[in-house]
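Biologist: I have just opened this model and would like to learn how to read it. Could you walk me through some features, one by one?

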Amino acid sequence: MSQYVYFVLDSDSMSAAEMAAYLAVDPDEVLVRGSRQLDPVRPASHAWKIVCRTPGLDLDALASAVLGRVAPAAERIRQLVDTNEVFATLQVVRYFNDDDGQPEETVTIDEEGHSWEKMPGQHQMLGWSLDAETLELLVAMGATIDVDEYG
């Protein structure tokens, strides 16, 4: 299994460079509207992204790493979102049965040092949550959460 998280600002009219300048935060990745194809337009919008692809981290930690970097610009992000020309999203991407991903752990060791064999199909990266503070930050920025999962 593999997974990663990114925070993205999308816009049809504002470039990633303009977003970066306004936020005073350099993105990890950008997309330029129409840079690959004009009919239909691909990418469909400009995008400014902060990304965490660190292998082995659970989704909570991936989201925290990304949001920790954008939190200082939360007010400015909300100002952009309030123009209705910029959309903010916390994007979660998960690949199940990924041969290059994190293997399922078959043995676990408890606090007392006992070793336990786990039942198959209970991958340690399944399940995730976002705490109230994280949700409050997303709401404050006017951001949505989008989860893509692939088999």
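Modeller: Let us begin with Pro40, and keep in mind that this is a predicted model. Pro40 sits in the loop that links strand S3 (37-38) to strand S4 (41-42).

Biologist: What is the peptide bond from Asp39 to Pro40, cis or trans?

Modeller: The angle to read is omega. The bond from Asp39 to Pro40 is cis, and its omega is near -5 degrees. Another cis bond runs from Arg42 to Pro43, with omega near -10 degrees. Pro43 belongs to the loop between S4 and strand S5 (46-52).

Biologist: Next, the backbone angle phi. Which sign does phi have at Ala24?

Modeller: Ala24 is not a glycine, yet its phi is positive, about 60 degrees. You will find Ala24 in the loop between helix H1 (16-23) and strand S2 (29-31). Ala24 is exposed, with a relative accessible area of 66%.

Biologist: And where does Asn84 lie?

Modeller: Asn84 is in the loop between helix H3 (74-82) and strand S6 (87-95). Its phi is also positive, near 65 degrees. As for its surroundings, Asn84 is exposed, its relative accessible area being 60%.

Biologist: H3 comes just before that loop, so let us look there. Which residues of H3 are buried?

Modeller: Buried here means under 20% relative accessible area. In H3, Ala74, Ile77, Leu80 and Val81 are buried. They lie on the same side of H3, because they cover an arc of only 120 degrees around the axis.

Biologist: What covers the buried residues of H3?

Modeller: The cover includes S1, H1, H2, S6 and H4. Take Ile77 as an example: leaving out residues up to four places away in sequence, Ile77 touches Phe7, Leu9, Leu23, Val70, Ala88 and Met141.

Biologist: How do I read a nonpolar core, and which members of the largest one touch the most other members?

Modeller: Look for buried nonpolar residues joined through their side chains. The largest core has 31 residues, and those touching the most other members are Phe7, Leu9, Trp48, Ile77 and Met141. At least two residues each come from strand S1 (2-11), H1, S5, helix H2 (59-70), H3, S6 and helix H4 (132-141).

Biologist: Which element gives the largest share of this core?

Modeller: That is H2, with six residues. There is also a second, separate core of six residues, which includes Tyr6, Val8, Ala47 and Val51.

Notes:
Residues numbered from 1 in each chain as written. Predicted model: local features only at pLDDT ≥ 70, side-chain atom pairs only at ≥ 80, totals over all residues. Heavy atoms only, no water. Helix = DSSP H or I, 4+ residues; strand = E, 2+ residues; numbered from the N terminus. Buried < 20%, exposed > 50% of the residue type's maximum accessible area, 1.4 Å probe, protein only. Core = buried A, V, L, I, M, F, W, Y, C linked by side-chain atoms within 4.5 Å. Contact = heavy atoms within 4.5 Å. Arc of directions from axis to C-beta.
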